[in-house]
Amino acid sequence: MTRYGYFLASEDHGPRALAEQARMAEQAGFEALWISDHYHPWLDTQGHSPFVWTTIGALAQASSLPVQTAVTCPTVRIHPAVLAQAAATSGVLHEGRFRLGVGSGEALNEHILGTAWPRAAVRLEMLEEAVGIIRRLLTGERVSHRGRYYTVENARLYTVPDEPVPIDVSAYGPASADVAARIGDGFVTMGPEGGLLRRYRDHGGGARRTSCGTKVCYDTDRDRAVRTVHHRWPTMLLPGELAAQLPEPAHFAQATQLITEDHVRSGPFALGADPDEHVRALTACAEAGFDYVYVNQIGEDMRGFFDLYRTKVLPQLPR
């Protein structure tokens, strides 16, 4: 059975707006929430990047929906022992409805402390060690650890949920999919990546929970939707490893000068107000085999988006 959630974009909205969107998503019939964890937005035009853990606390009051970070990097900007405490507290606040989504991160958010940005293979090693530390701390046990990348000395979390917070691992390529299958309670990615999902399942992921995210732009004028995406989220169309390597929003602005409105029109996301187009975009993720599909609205007309999904999109989606 496929379930459908709403993806809260911390790069695009402030914390109060995100909490209000969570409330609207629940009223519209969405079943879960994702929230991004960034220090910087991708572009200055997006204009936001609130501290995700404060927002997650607010979401516990705004909505009763399950919440997951999509995703947190537990390796460079914040030590895994500190993130373990944040995840445990979030698990308590959300009464067991919180999942920690983790990934190997982007220089955009992680370079801020002035440390070197490791190559991808090293980042995956760091991720695996960090997840091991977080898992031990989430049990409430006293932890001391001296590993290749991290040291923890006499640490214990006193406020933990009744059951340890599940940890899902994101992947956008074969190597990270293999790591996700080995260490994760579930799998997270963007877009209907059926081949990557099959690799995850075949390399040890089995029947564990899988989640896919997608972005759309609801607008009563399709051409205006194209312009909105081109202005606010052209980064979605950047190829390869650029998203992980570029360190500042200004660099993304330079790179996305290569993206045109025609690229947006032919992109893999729904644009405009045709409910069938939105249904097709989410159905592609469901038919690829994902258990959860999360959708994010690009643009200002949040009420129009949620009304469309409540009345004409969510009722048509495959379950």
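This report describes the overall build of a predicted model and then the surroundings of one helix, α2.

The chain contains 13 helices and 10 strands. Its radius of gyration is 19 Å, close to the 20 Å that the globule rule gives for 319 residues, so the chain is as compact as a globular protein of that length. Along the principal axes, the C-alpha atoms fill a box of roughly 60 × 40 × 40 Å. Of the contacts with a separation of 6 or more, 72% join residues 24 or more positions apart.

Values for the whole chain are listed below.

| Property | Value |
|---|---|
| Buried residues | 56% of the 319 residues |
| Exposed area | about 13600 Å² |
| Part of the exposed area from carbon and sulfur atoms | 50% |
| Positive side chains | 31 |
| Negative side chains | 37 |
| Distance between the centres of the two charge sets | 3 Å |

Helix α2 spans residues 52-62, and its buried residues are Val52, Trp53, Thr55, Ile56, Leu59 and Ala60. These residues cover an arc of only 155 degrees around the axis, which puts them on the same side of α2. An α-helix has 3.6 residues a turn, so residues three or four places apart point the same way. Thr54 and Gln61 are exposed on the other side of α2.

What covers the buried residues of α2? Among the covering elements are the helices α1 (15-28) and α3 (80-93). The cover also includes the strands β1 (3-8), β2 (33-35), β3 (67-69) and β4 (98-102).

Definitions and conventions
Residues numbered from 1 in each chain as written. Predicted model: local features only at pLDDT ≥ 70, side-chain atom pairs only at ≥ 80, totals over all residues. Heavy atoms only, no water. Helix = DSSP H or I, 4+ residues; strand = E, 2+ residues; numbered from the N terminus. Rg over C-alpha atoms; globule rule 2.2 N^0.38 Å. Buried < 20%, exposed > 50% of the residue type's maximum accessible area, 1.4 Å probe, protein only. Contact = heavy atoms within 4.5 Å. Areas by Shrake-Rupley, 256 points an atom, 1.4 Å probe, with all protein chains shown as cover. Lys, Arg positive; Asp, Glu negative; His and termini not counted. Charge placed at Lys NZ, Arg CZ, Asp CG, Glu CD. Arc of directions from axis to C-beta.
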